[in-house]
Every structure is written in structure tokens, then in C-alpha cells.
Amino acid sequence: MGSKSGSKELIGNLLAEQYQKAFEAKAKGEPIGWSTSVFPQELPESFGLRICYPENQAAGIAAKKESLKLCNIAEDKGYSIDLCSYARTNFGFIENGGCESLNMPRPDFLLCCNNICNQVVKWYENISKELNIPLIMIDTTFNNEYEVSQARIDYIKGQFEEAIKQLEIISGKKFDPKKFEAVMKISSKNGKLWKYSMSLPSAKPSPMNGFDLFNYMAVIVCARGKKETTNAFEILIKELEERIKNEETTFRGEEKYRIMMEGIPCWPYIGYKMKTLAKYGVNMTGSVYPDAWALEYEVNDLDGMAKAYSSMFNNVNLDRMSEYRIDSLKLGKCDGAFYHMNRSCKLMSLIQYEMQRKVYEATGLPYAGFDGDQADPRCFTEAQFETRIQGLVEVMEEKKELSRKVMYKT
Amino acid sequence: MYTMGLDIGSTASKGVIIENGVRIRATAIVSFGTGTTGPSKVVNELFGQLNISREDIDKIVVTGYGRMKYADSHKQISELSCHTKGVTFLVPNAKTIIDIGGQDAKALKVNEKGKLVNFVMNDKCAAGTGRFLDVMAKTLEVNVSDLGDLDAKSTKEVSISSTCTVFAESEVISHLANDTAIEDIIAGIHASVAKRVSSLAKRVGIQESVVMVGGVALNKGVVRAMENAIGFKIIVPELAQLTGALGAALYAFDESQK
């Protein structure tokens, strides 16, 4: 598995396997859960429960250009066009009784953690009512203060304990602290491997096309607590290190500019975006996503686990949010930042103007923004996107030219 | 030596030919944009003015919405950089540029060397752009080129609150039905455009001299409303609609020197 396509293939298979095993479990009558992307999966995993991730599925459906159909079904039913398009895709999927591009079994219980977004609370409450199934909620409350206070940690920890009781009823099994400990160990290790592997693209030239991150991300979302994931990321690290040594990359063409991309991609246009960025020699080497699943805590440290889940980059105050971006620009050795004004993601997007200003003040790196949506193709215009990236490229080039002149003079 | 710049927009095509990178020799504007006969008409008109042909042009740079669709060019450069280059050629101390085109609006921040350092463009929709004014002029049964003069006769600006072109049109129709003076409605429309676009300029950080370009800059009513909204005097160069094409022609000259 040391070939160039080794980890990509392995990770692709691993992801497909998660969906397959969920169907098999459902067929055997086992309860299936649907979960938000950064739920403390250590809890259901330690009960051996099979979990599907609607955000991951919606991204896959959108990339295969079926999300608009499902969004329309949801809108016909009466869901507002202003709701998140992942939620609308999911509601449309439920209404439609499946879809063509990527199916997953119907849930028997729901796992919702609002550390990534607050709209998920209503999204999951709605499925719970529609399908009459239990909802386990972990409320992380937005951290308006810089640090996660002890009161917040205690509040979250109390919810972990309640979730364990609910999962005992759903699974019909007693909670096993040993299994929980084992899952914590694997999850923590996988989180670290994920973060380390995604720090490797910071090499110059970057060993991969930045958008590959999203392929690998799918697995850390869907299988963070599994041993197979450890193996896949270890292979990925070997490949990336090998490519760095040989100065090889999966990026098409010459890497002239390195940027941080903020936000979820516009999945229905992912091919166009990659092609356009490659045309201008722009690679994404900075992202805040490596931090999202690198949840750092010691095994059996529930305080640490509560703090880690509460510190997601969407759940922290503006100063800390900006720091995540500043750090990723520095780590990625970026020349600029490109912000996706994602019409689905109100919290992440509407804070952008001020965040852009703060990040610019701290780094002096040029930036631009573009309009779009993660799964609704109606919110994106190709020409508008290209003008903005070309404008950013021209500003980055001016800056490079200036530093070349300064270097030449000295 | 001649170089040519074309700015192929969504609603108009503009062209400039310069000589030796310093002298503007021919300019042309045609009210048809990309995908129409506009670009070829502009080129023919430019050539006609100088009695030259394609062989006499050393380099061509194309900008604007239709820049990627025009085959006969040596380089395509975004309108952001082209407007900066064109404006700083005409107004060397320009630090903030506001450009309102057919389907987008932008605010550009320029450094002391005349280089583009940051920019902010309209998001979500094309409200507050040239097309918005086209629709309003049609509804009011006036020529878009007369909007500025009519605005000057306003005594009581009315409020146009919707940013959506379609809903704003409905508001205008309601005002007409209530016998509101056309001049006052126009002043309200201009204020609405200025409010939307001025926030882009404020976000990019306004520094003098402030220059406004693009077809909409020819509308004195919008310029007046914009000055009120940002609190700065605005310079409108004589060739306001041509600065993108001029910048492209200057870039073409740079290309010819490589």
C-alpha cells in the first residue's frame, strides 16, 4: 500500500465501508444513529453502535450534484430556503425515502452537538419529531470568553453522563469503562495523526493538492474511533513524507501561490473551483480543519474531553476564531486568504468581515471573499468567483514582486 | 508603438489604444457587452479612429467580465488591477477607488506606489450596480443618462429600502402611483445605491484621494449621494468609463516591454 494512490484508495474504501456496515447493522435490527460531525463519538463507539453522518452524506450528494433536487423537495414541503443546505438536503433525503448518489440507513436515534453550529439543534429536533426517535443532545454553549470555564466543563460533563444513560437504553448494553478508555485512546491517536498529516502540506512545495484534505476529512469525521483509521493515516503520513523528500505533489501544475481557504467548499462546483485555482497556480496549504478533529485530551480525562469538544473553532470567541486563522496562515506559509461567504453557515460567515480585518491586521496578508454555498448551487457564480481569485492572485503577485525587489536590492 | 486594452463588461464594451505607454490615442464605448457584437464593434471603431489595422497593435490585454471569452488577447487581467492602473495613470494620488459596473461594485485600496493592496466587492446579489439603475430608469420611463440631471432637481429624497432589484422596482412603482415627483424617487434610488456601495468603501478603509469610475460614475446624482454617504469629496476622471480599458492598455504596454 505504499503506492501513490494507496492512502486515497484505502481511505475511500474505509468511508464506503462505514456506510456498508451501517446498512448491514440495520438489516440485523441493530439501532443506527445519525450524528453531527464533531459529536463526542467516543460515547456511541464504546457501545459498538453504528453511526452515520448526515453532513458528510450531504457533502457527497452535493458533489454528485443531487443536492438541489433534495433541497427542492424540502422546500416544497415548507422548509425555508434560508435554512442550511445540508439540513435541506437531509430533510429532502428523508422525504424522498433515499437518493441516487449516496444512501444511508434511516436512524433509530440521534446524536447532536452544537459545537459546530447552532442550527443543528433545530435540524435534529425536527428529525426526532418527524421520525419519533430519541435525540441525545450535547449542548456546548458558545464560548464568549476566551477560555472554556470550569462551569461550562462541568455542564458538558454532566451531559456526557446523561448521554451514557440514554445510550444504555438505546443499545440495551451496560456502559463499559474499559471499552470507553480504549476508544478514547484510539480517537485521541487518530486525532493526532490527522492533525500531523494535515500539517505536512505546509512543506514547500506542498506534497498535495489542498482540496485532498476534504477526502481525508470524510474519514476522520466518520471513523475517528476506529483502528482501521489509524492504519490509513499512518500510510498517508508515509506517502506525504515520501513526497516531501522527493519534492513531489498531487497539485496540478506549478504551485505559485499558497492560500488559506476559509469555510466548507461549494461541493456542487468543487471540480470548477479546483480547476480554476490550478489555472492560476493557487494551492490551498492553510486550513482550520486540521484542528477540528485533533481533539486533545488525556485518556479518562472527562474534563479535558469536555474542554476539547467545546473548543471547536466555531464555538470560540472572535479573538480565538481569528487566532485559528492566523495560525493556519502561518503554518501553511500562505500568501493570502480566500474566504467563502457560505450562505448556509451563518455563524461562520457573518463573522467574516470582522475576522478578515483582524487576521489582516495581524498578518498583513491580502484576502478576498466570494459568495457561495456548501450544497445549494444557486448561490454561486463562476465568473464572480474567478474575478475575485484573479484579483487576489494579482495582489499576491504585487507583494511577491515587491519582496523580490527588496531582496535584490539587499 | 500601439497597445490596446479592452474592457468587456456585462453591459458595455470599452476600448483604449495608447501610444508608447503614455499617450491615449483612441477610445471607444459600445453599449453591448460580452457575448454580443460589442467587443468587435469597439475594436473596429478604435482601428477606424486611427486608420490602422490589427497588425499595428503590438499587444492586447483584455479585462472585464468577458475577458476569458475574447480570443485575440495576450493576457487577461482582472478589472480590479486594470482599474487601479488606469485610475492611477489619470489621478496619480488616488488611494481609494470606487467602481460601479454593470453587475458588480467594488472598492479598491491603493498604496502610495499606485499598487492595488486590497479590495472588497459586492456580495450576495447585484443590487446597487449599474443594472439596478438601468431597471429603475426603464420603470421611470427616463434615459439612464438623464438620471443625474433629474436628481439635481429633487427637493425631497424618498426612501427606497429594498436591496432586491425586483422589490425596489415595486417600491418605485408605488411612489409613482402616489404621484411622488420622479426627481425625488431618483434621488432616493441614488441614495440606496450609495448606501450599499459606500459600506464596501468603508470596509476597505477610505483614504483620499477618492476616485469613482465605471459607467455609474457619470451619474452626478450617484456621486453626490456617495459623497454624502462616505463624507469625502470624490474625483470623477473624464474617462471614468474607460479606466479599466486604459489600465489594460497600459498593462499591454508593460507586456510589450518584456
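**Figure 1. The second largest cavity of this predicted model holds about 120 Å³ of space.** Of the 15 residues that line the second largest cavity, those closest to its centre are A:M198, A:T285, A:G286, A:S287 and A:P290. Two elements of chain A, β6 (282-286) and α14 (318-331), each give two or more residues to this lining. The biggest contribution is that of β6(A), with three residues. Sorted by class, the lining of the second largest cavity has seven nonpolar and eight polar residues, and no charged ones.

**Figure 2. Next comes the largest cavity, with a volume of about 180 Å³.** Its lining is made up of 17 residues, and A:A368, A:G369, A:F370, B:M121 and B:R203 are the closest to the centre. Look here for β7 (336-342), α16 (352-363) and β8 (367-372) of chain A, along with β8 (116-121) of chain B: each supplies at least two lining residues. With five residues, β8(A) provides the largest share. The lining of the largest cavity divides into nine nonpolar, four polar and four charged residues. For the wider setting, the count of cavities of 30 Å³ or more comes to seven.

**Figure 3. B:N122 sits in the loop between β8 and α3 (130-139) of chain B.** With a relative accessible area of 9%, below the 20% cut-off, B:N122 counts as buried. Beyond its neighbours within four places in sequence, B:N122 is in contact with B:Q103, B:D104, B:A105, B:T129 and B:L200, and also with A:R388 from chain A. You may also like to find B:V197: B:N122 and B:V197 are 75 residues apart in sequence, and their C-alpha atoms are 7.6 Å apart in space.

**Figure 4. Strand β1 (residues 2-8) of chain B is largely enclosed by the rest of the structure, because seven of its seven residues are buried.** In a regular strand, side chains alternate between the two faces of the sheet. Both faces of β1(B) are covered: B:Y2, B:M4, B:L6 and B:I8 are buried on one side, and B:T3, B:G5 and B:D7 are buried on the other.

**Figure 5. Here are the pairing partners β2 and β4 of strand β1 in chain B.** The strands β1(B) and β4 (residues 57-63) of chain B run parallel and are joined by six bridges. In this pairing, B:Y2 stands opposite B:I57. With β2 (residues 13-19) of chain B, β1(B) pairs in the antiparallel sense over seven bridges. Here B:D7 stands opposite B:K14. Follow the chain from β1(B) to β2(B) and you will trace a hairpin that joins them through four residues.

Note on methods: Residues are numbered from 1 along each chain as its sequence is written. Chains are lettered from A and ligands numbered from 1 in the order in which they are written. This is a predicted model: local features need pLDDT of at least 70, side-chain atom pairs count only at pLDDT 80 or more; totals for chains, interfaces and linings use all residues. Side-chain values use heavy atoms; hydrogens and water are left out. On a 1 Å grid over the protein atoms alone, a cavity is a set of points where a 1.4 Å probe fits but cannot get out, and a pocket is an open set with protein on both sides within 12 Å along at least five of seven lines; lining residues have an atom within 4 Å of a point. Grid points are joined across faces, edges and corners, and a volume is the space filled by probe spheres set on the points. Ala, Val, Leu, Ile, Met, Phe, Trp, Tyr, Cys and Pro count as nonpolar, Asp, Glu, Lys and Arg as charged, and the others, Gly among them, as polar. Buried means under 20% relative accessible area, exposed over 50%, partly exposed in between (1.4 Å probe, protein chains only). Contact means heavy atoms within 4.5 Å. Two strands pair if DSSP finds at least two bridges between them.
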